Amino acid sequence: MLFASVSISLAASGSAREASSKLQLQVAQWFEESRDDVYRYLLTLGLPPAQAQEATQDVFLRLYVTLQKGEEILNWRGWVFRVAHNHGLKIRAREAGQPFDPAWEARLPDPGASAEQSLLERERNVRLHQAIQGLSEQQRRCLFLRMEGLRYPEIADVLGISASSVGEFLRRAMTKLRKGTL
Amino acid sequence: MSRVQGHVTGEQILRYADGELNAGESRAVQAHLEACWQCRAELTGIETTIADCIRYRDALRREVTPPEPWPDILPLLARAGRQEPVPAWRKAAARMAALFRPAPLVRWAPGALALLLVAVLVYRLRETPSVKAAQILRQAVNAAELRKEGNRPVQVQVRGSKWIRTAAHSPAELAPVAAAFTAARYDWNDPLSARSFAAWRDSLSDPIDAVTSRACGVSGENCYQITTSTASGELAAATLWLRAADLQALEAAFDFRAFGRVELSALPEIPPVVSRAEPAVGPPAAPALPQPLPAEPLGPAAAPAPVTAAEELRVLEALHRIQADLGDPIHVSPAGEKILVSGAGVDPGRQQLVRSALAPFSRVEIRFTDDVPPAGGGTPAASEARSGTLDPLQKLLEQRLGGKPALDRFADRTLEASDAVLARIHALRRLAAAFPAAREAGLSGEDRRSLAALRADHARVLQHSAGQLAQVMLPALESVGYPAPRVEGHLAADWQSACGELLQTARQVERHLGALLHGASDAPDAAARLAESVTLLKLQADAYAGLANAVER
C-alpha cells in the first residue's frame, strides 16, 4: 500500500501541470462551442449585453474550477445552462431595475442586408418573434433552452421544475407559436 | 383540441416529436399516428413550428453578438485555477476519477494496487451524499411521525394525464401505476413520503444518491432534492423533494424501467375539521387517516361547524394549481357548512379536472350546469371588430405598423394581453372578496403567507401582461401621433381595495381598445385615452406587484 501511495504521488506531481492544461484546453473548447448560446440565453433573462457577456465568462471559469476540484459533471452543457440561469437571476435580482429588452425584432436580418435571406423568411421570423414575446416567462425559457438542444430533464434541472411541467410549458408554447405564425 | 377522445394528446405528440417518450409509449403513438390523419396533421403542424424555431434561432445566431469580442479564455482559466488552492487529496481523487473515463490518462496508472486505492477514494467521495441522504431521510421520517402525518391525497401525473389519489379512493386508471410500484417494492399506499422512499432505498444493494437543494412546490419553497438511482429492480431512479423548513415531502418523481415516469405532488392538506357524517361510498379506505381530535369535543348531534377562511383558501389554492381561477366561469362561495363550487358551461374535461382537484375536500359541493354563460357584451370580438372598412386613424396605424397582417397581429396581441390582464384582475378580485382585511387578519401566519403567495402569483403575471400591453401599444400609438402622456398613478394601500382601482383602469383600456379597433370615428379621443389608460395600467400593475408581496406579520 505504501508503495502504491508513493507511486501515485510521484505520478501525480509529474502530470499535474499536464492534466491541468488538458482540462483548460477542454473547457476553452466548450467555451468556444457554447459561449454565444449561453450569452443569448442570459439576454433572454433580461441581462444587459455587457453583463451577459461577463456572466458567460464567469460560468465557464466556474465550470473549470469545479472540474479542477475533482467534482464530476456528467453533462457539462446542462450544467453550464443551470449555472448561467441561477447566476443570471442573481444578477437581475441585484440590479433590481427593469429587465433589459434585447429588441431582437430590429436585429432580425433585413432582406436587403443579406442575399440568402428571403423576404418570406424574415416575415416568418418576425411573426415567430412576436409570438414568442406573447409567451409566459417559463414557456419562453423552456423554449429557448429547447432550441439550444437541451432535453426535458435537463431543462427541468436548469429551471428547477419537473420534466412533466417542461412538457406542458412547451406544449402551450408550441400551440401559441402555431397560432401566431399561421 | 389536444384532448380529443381516442386521439393522442398534444403533449404526447410533442414528446414523441422530441424523443421524450419511452420505447413503449413511442411505439403506441407511432402506431396511432399511422392510423390517424388528424393526429398526423397535428404532428406536421408541430414539426413546422419546430422548423420555424430553428430558422429563428439561426437568424439570432448570425445577428446577436456580444458588444466586445470574446477574450482568449485560456489565461483566465489558468488564473482561476491558481486562485483556488485545491487540497492535494482532491486533486489526486480528481485524476483518479479520470481513470474511469475512457481517456488516455490511464497510461500513467501505476498498477493494480493504485487502482484499488482509486476505487476506495472514489467510493469515499460517493459516500458523502449517501450519508447526507440517509440523514435527511431519517430526520424527515421522524418529523412526519411527530406530525402524525397519514397518507395524504396526492396528484399523480403519468403520461400527460393527471389523477388525484386519496387514501379512500384510487381511480381505476391508476391500477397499472399501482402495479409498477408494487413490482418495484415501493409502498403504493403512501407513495409521497420520506418513510416509503427510505424503505425502498434501504432495500437496494447498490443505491447511488445525490442531494441538492432547490425551489419546489407550488410557491417555490426551498427544498432538499434527494435522488437515488439503482442498476437493479423495476425502479431505475426516484427523486423526493422535502421542504427544508419542516422536511415534509412535497413532490416525488419515479423513473420505472418499463413503465416510464410517474410524478407525484402533494395536494393542500385537509384541515382537521368535523365534517357532516356521510354514508360511506364505495369500499372502505385501506389504511384510515389518523384524524386529529377536534379542538372542541362535539357530540354526534352537534351541528357541523361553518367553513373557515382557511378551508376556503385551500380550495382556492387547489383551483389555482389547475388554473381554474382564470377565465373558467367557476365560482367559489361558502354556504354554511359547505363550500359551493359552481360553474356554468365548463368544458367536460375541465369539469373532471376540477372534480379531481377538489376530491380531497369533503365539505366541497360541486355544481356544474351545461348552460353556456352569455358572451360578455360591450367590447366586440377582434374578428368582428375589424371586419368593416378602416377609418383614417386605423389606416394610418396600418401603414405605420407595416400592412394589414401587422395590424391584425397588433389587434390580436393587444386583445390577448388585455384579456390576460383582466383574467388576473378578476382572480384577484375574487380573492379580495373572499378575504377582506378583517378575515385575512384572522388567518394563521402560514395561511396569510399562502394567501400572499397566491395573490403575488397573479400580480406577477398581471405586471408582465400590462408591461407587454404597454410595450406593443404605446409605440404604435406614438407613431400615429398619440404619445404616452405623463400620468400620476394612484393605488390604495391595501391589496383588496387596490384591485378595484386596477379593474377600473383595465376596463377603461378594454373600452378604448375596443373603440380603436372597432373604428375610432365614433370615439374620436379613443387613441389619446387609450395611451393614457395603458400607461396608468402599467404604473398601477407595477405598484400592485409590490403591494401583493407584502405580508403582515
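In the predicted model, Glu312(B) is found in helix H9 of chain B, which spans residues 309-321. The surroundings of Glu312(B) hold 19 other C-beta atoms within 10 Å, and because a residue is called buried at 20 or more, Glu312(B) is classed as partly exposed. Residues touched by Glu312(B), when those up to four places away in sequence are not counted, are Val307(B), Val332(B), Pro334(B), Ile339(B) and Ala434(B). The C-alpha atom of Glu312(B) is separated by 9.3 Å from that of Val364(B), although these positions lie 52 residues apart in the count along the chain.

The chain that carries this residue, chain B, has 17 helices and 10 strands. Of the 553 residues in chain B, 34% are buried. When contacts in chain B between residues at least 6 apart in sequence are considered, 66% of them join residues at least 24 apart.

Two helix pairs in chain B share the helix H15(B), which covers residues 445-479. In one of these pairs, the axes of H15(B) and of helix H17(B), residues 526-549, come within 8 Å and cross at roughly 155 degrees. Since angles over 145 degrees count as roughly antiparallel, H15(B) and H17(B) are described as roughly antiparallel to each other. The crossing in which H15(B) passes H17(B) is left-handed, and the residues of this contact comprise 19 nonpolar, four polar and four charged ones.

In the other pair, H15(B) is accompanied by helix H13 of chain B, residues 404-434, and the two axes come within 9 Å and cross at roughly 155 degrees. This angle makes H13(B) roughly antiparallel to H15(B), and the crossing of H13(B) and H15(B) is left-handed. On the side of H13(B), the residues making the contact include Phe410(B), Arg413(B), Ala417(B), Val421(B), Arg424(B), Leu428(B) and Leu431(B), while on the side of H15(B) they include Leu454(B), Arg455(B), His458(B), Leu462(B), Leu469(B), Met473(B) and Ala476(B). By class, the contact of H13(B) with H15(B) consists of 16 nonpolar, five polar and three charged residues.

The largest nonpolar core of the model contains 108 residues, and those with the most contacts inside it are Ala194(B), Leu242(B), Val315(B), Val421(B) and Leu530(B). Helix H15(B) provides the largest share of this core, namely 13 residues. One of the residues with the most contacts in the core, Val421(B), also belongs to the H13(B) side of the contact with H15(B). Another, Ala194(B), touches Leu137(B), Ala140(B), Val141(B), Ala144(B), Leu240(B), Leu242(B), Leu247(B) and Ala249(B), with residues up to four places away in sequence left out of the count. A second core, separate from the one just described, has 57 residues and includes Phe31(A), Leu42(A), Leu45(A) and Val158(A).

The backbone of chain B also presents a feature at Arg185(B), where phi is near 55 degrees, a positive value in a residue other than glycine. Arg185(B) is placed in the loop between helix H7, residues 175-183, and helix H8, residues 194-202, of chain B. With 13 C-beta neighbours inside 10 Å, Arg185(B) counts as partly exposed.

Chain A has eight helices and zero strands, and its pattern along the sequence reads α-α-α-α-α-α-α-α. Of the 182 residues in chain A, 40% are buried. Among the contacts in chain A between residues at least 6 apart in sequence, those joining residues at least 24 apart make up 63%.

Within chain A, the axes of helix H7(A), residues 152-159, and helix H8(A), residues 163-181, come within 8 Å and cross at roughly 100 degrees. This crossing angle makes H7(A) roughly perpendicular to H8(A). The contact is made by Tyr152(A), Pro153(A), Ile155(A) and Ala156(A) of H7(A) together with Ala163(A), Val166(A) and Gly167(A) of H8(A), and these residues divide into six nonpolar, one polar and no charged.

Elsewhere in chain A, Glu54(A) has its place in helix H2, residues 49-68. Glu54(A) is partly exposed, with 16 other C-beta atoms within 10 Å. The C-alpha atoms of Glu54(A) and Tyr39(A), which are 15 residues apart along the chain, are separated by 8.9 Å.

Notes: Residues numbered from 1 in each chain as written. Chains lettered and ligands numbered in written order. Predicted model: local features only at pLDDT ≥ 70, side-chain atom pairs only at ≥ 80, totals over all residues. Axes fitted to C-alpha atoms, helices over the stretch in contact; angles between N-to-C directions. Helix = DSSP H or I, 4+ residues; strand = E, 2+ residues; numbered from the N terminus. Parallel < 35°, antiparallel > 145°, perpendicular 65-115°, else oblique. Left-handed = near helix turned anticlockwise from the far one by under 90°. Nonpolar A, V, L, I, M, F, W, Y, C, P; charged D, E, K, R; others polar. Core = buried A, V, L, I, M, F, W, Y, C linked by C-beta atoms within 7 Å. Buried ≥ 20, exposed ≤ 12 C-beta atoms within 10 Å, placed from the backbone. Contact = placed C-beta atoms within 7 Å.
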